[in-house]
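User: I am new to this structure and would like to learn how to read it. Could you walk me through its features step by step?

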Amino acid sequence: AACLLLAFGAGCSHTSSGGEEGFAAQAAEELAASGFGDYLGVQSPSSSSQRGEWTEYFYDPADEGAVCLTGEQFQVNVRKGTTDDVLLYMQGGGACWDYLTCYVLGTATTGANGAIESGALDINDPNSPFKDWNIVYLPYCDGSVFTGDATVDYNGQRTFHHGLRNLSVGVDAIKRSFPNASRIVVSGSSAGGYGTFAGYGVTRVAFPNTPIQVFNDSGPGLQNLDASQDVKDRTVNWNFTKRIPPSCTECTQQYTYLIDWSLDRDSKLRTALYSYQQDGVISFFIDLDGPDYQQLLLSVTGDVHARNPERFERFFPLGTSHTVLLGPEFYTQTVNGVSLLDWTNAFLADGPGWNDTIQ
């Protein structure tokens, strides 16, 4: 997928992030200048309702702001916990970038839904790391991995790649409900994992002084440059490259490297990446076979880890499965004797045990 995660960048020029005060000032300034805050505070919910512990906020599709791919109503789901910590979670659901993928093959989810309480987000599971947290849950329905900013016509079908607007009303919900968040974890699975890059960007602009951590589940930012037409179509039809910070000089290559850019400018940021090494879904979307995908994943993320050995760590089991945060295996999976649950808790606590873990 094309520069899906505009919030980070490797091969970008490196500048010191400065001292403790203003620890993310440079990141916030450059991201704001690149337009990541363009849709913050622009659209308010048109209605809301209660479903269990969740308040569901709805956005009028007639506004053509936050809206799903083919014009369906978008919603944001908010749950108030008992701490000052906030989890922003972005759901997965494919991607599409032309008439074939959006309307013939239907490779992207087109409707919004309420929060799915399962896996790590099962707030009734006493082992859930997030059981006490405030949660803003974003359903996925824009086809453009929470990154697109375009209304396009595919063979007469008006199509809304409004991922950045959908993401922005989610971050607005954090500001409205949890303005004094002590920290924010930006997380997502699959398309939502790809969305964590823009998710960091918008959240950092909205909260320039709040510590942010990123947990990317199976959305590593990789693309297959040999699939040049797909790359071009995503770039044109999602219209997101204008928000790449100018200091990111190699964002046209692997977007995974964008992590470097943000770590260099935000001294408190830490990023966790989970992926099966031959993930069958992501490899399908970027047109690679399993072994070639594995080689690309290990090579690119290995570079990022080598540059940031204390602040970027991977948890990579073998296999072709896809995503973990909403699955029961979140509580049972181990790699090299390391429990994913323990690894995640160590990541959240910045404790020992959050280490690179490759099967």
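**Reading the fold, step by step**

Analyst: Let us begin with one residue: Ser262 lies in helix H6 (residues 258-265). Helices (H or I, at least four residues) and strands (E, at least two) are DSSP runs, numbered from the N terminus. This is a predicted model, where local features need pLDDT of at least 70 and side-chain atom pairs count only at pLDDT 80 or more, while totals for chains, interfaces and linings use all residues. Residues are numbered from 1 along each chain as its sequence is written, and side-chain values use heavy atoms, with hydrogens and water left out.

User: Is Ser262 buried or exposed?

Analyst: Buried means under 20% relative accessible area, exposed over 50%, and partly exposed in between (1.4 Å probe, protein chains only). Ser262 has a relative accessible area of 0%, so Ser262 counts as buried. A polar atom of the Ser262 side chain lies 3.0 Å from the backbone oxygen of Ile259. For reference, a polar contact is a pair of N or O atoms within 3.5 Å; within protein, one must be able to donate a hydrogen and the other to accept it, and residues adjacent in sequence count only if both atoms are side-chain atoms.

User: How many residues of H6 are buried, and what covers them?

Analyst: Eight of the eight residues of H6 are buried, leaving the helix mostly covered. Among them are Leu258, Trp261 and Arg265. The cover includes helix H1 (25-33), H4, E10, H8 and E11; here contact means heavy atoms within 4.5 Å.

User: How do I read the sheet?

Analyst: Follow which strand sits beside which; two strands pair if DSSP finds at least two bridges between them. Here an open sheet of 10 strands has mixed pairing and the order E1-E2-E3-E5-E4-E8-E9-E10-E11-E14. Strand E1 (47-51) and strand E14 (357-358) are at the edges with a single partner strand each, so each has one side without a neighbour in the sheet.

User: Which strands pair with E8, and in what sense?

Analyst: Strand E4 (residues 85-90) and E8 are parallel and share six bridges; one pairing puts Tyr89 with Ser187 in E8. E8 and E9 also run parallel, joined by six bridges, and Val185 stands opposite Gln213 in E9. Going on, strand E9 (residues 212-217) and strand E10 (residues 270-274) run parallel with five bridges, and Asn216 faces Leu273 in E10.

User: Where do the side chains of a strand point?

Analyst: In a regular strand the side chains alternate between the two faces of the sheet. From E8, Arg183, Val185, Ser187 and Ser189 point one way, while Ile184, Val186 and Gly188 point the other way. Seven of the seven residues of E8 are buried, so E8 is largely enclosed by the rest of the structure.

User: What about E5?

Analyst: In strand E5 (residues 134-138), five of the five residues are buried, so the strand is largely enclosed by the rest of the structure. Asn134, Val136 and Leu138 point one way, and Ile135 and Tyr137 the other way. Strand E3 (residues 74-79) runs antiparallel to E5, with three bridges, whereas E4 and E5 pair in the parallel sense over five bridges. Met90 has Leu138 in E5 as its bridge partner.

User: Which residues of the largest nonpolar core touch the most other members?

Analyst: In soluble globular proteins, nonpolar side chains tend to be buried together. A nonpolar core is a set of buried Ala, Val, Leu, Ile, Met, Phe, Trp, Tyr and Cys residues joined through side-chain atoms within 4.5 Å. The largest one has 68 residues, and Val76, Val136 and Leu167 touch the most other members. Its largest share, eight residues, comes from helix H4 (residues 191-206). Another core, of 28 residues, lies apart from it and includes Trp133 and Phe215. Leaving aside neighbours within four places in sequence, the contacts of Val136 include Val76, Leu88, Ile174 and Phe178.

User: And the chain as a whole?

Analyst: The protein chain has nine helices and 14 strands. Buried residues make up 61% of its 359 residues. Its C-alpha atoms fill a box of roughly 50 × 50 × 40 Å, taken along the principal axes.
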